[in-house]
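Here is a quick tour for anyone meeting this structure for the first time. Have a look around, then read on.

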Amino acid sequence: QVRLAESGGGLVQAGGSLRLSCAASGRTFSSYRMGWFRQALGKEREFVAAIRWSGSSPSYADSVKGRFTISRDNAKNTVYLQMNSLKPEDTAVYYCAVRSSGSSSYNYWGQGTQVTVSS
């Protein structure tokens, strides 16, 4: 089992910044990739960004490219999502997730953290 704990959400004005953190614990040695997803009210959950457990090969959704940066602190088993130039449409619950080695999908999820961007 891998346990994930997100933090860092909150209310920010458009154009502002927030940094989300996701601390992983448990059987993390079997992890392959960590990602951030978000779900806005009334919408389906969507991919935001992901990074390999080693900290390499970041990838981003087109909607956040150039504004969001995913990074990982290996010593702390923590992944971060730095969000700059936030827009009202970034408002959502943000979830951290882990994809285990050998898994075809993300199989561990955090509880989510709310990000609200006011106009």
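Let's start at methionine 83: beyond its neighbours within four places in sequence, it is in contact (heavy atoms within 4.5 Å) with Gly16, Ser17, Leu18, Leu20, Arg67, Phe68, Tyr94 and Val115. Bear in mind that this is a predicted model, where local features need pLDDT of at least 70, side-chain atom pairs count only at pLDDT 80 or more, and totals for chains, interfaces and linings use all residues. Residues are numbered from 1 along each chain as its sequence is written, and side-chain values use heavy atoms, with hydrogens and water left out.

Met83 also belongs to the largest nonpolar core, which has 28 residues. Such a core is a set of buried Ala, Val, Leu, Ile, Met, Phe, Trp, Tyr and Cys residues joined through side-chain atoms within 4.5 Å; buried means under 20% relative accessible area with a 1.4 Å probe, protein chains only. Leu4, Met34, Trp36, Leu81 and Tyr94 join Met83 as the residues with the most contacts inside it.

Several strands (DSSP runs of E, at least two residues) each supply at least two core residues, including these:

| Strand | Residues |
|---|---|
| β1 | 2-7 |
| β3 | 18-26 |
| β7 | 68-73 |
| β8 | 78-83 |

These four make an open sheet in the order β1-β3-β8-β7, with antiparallel pairing (at least two DSSP bridges between two strands). β1 and β7 stand at the edges with a single partner strand each, so one side of each has no neighbour in the sheet. Six bridges join β3 to β8.

Terms used:
Buried means under 20% relative accessible area, exposed over 50%, partly exposed in between (1.4 Å probe, protein chains only).
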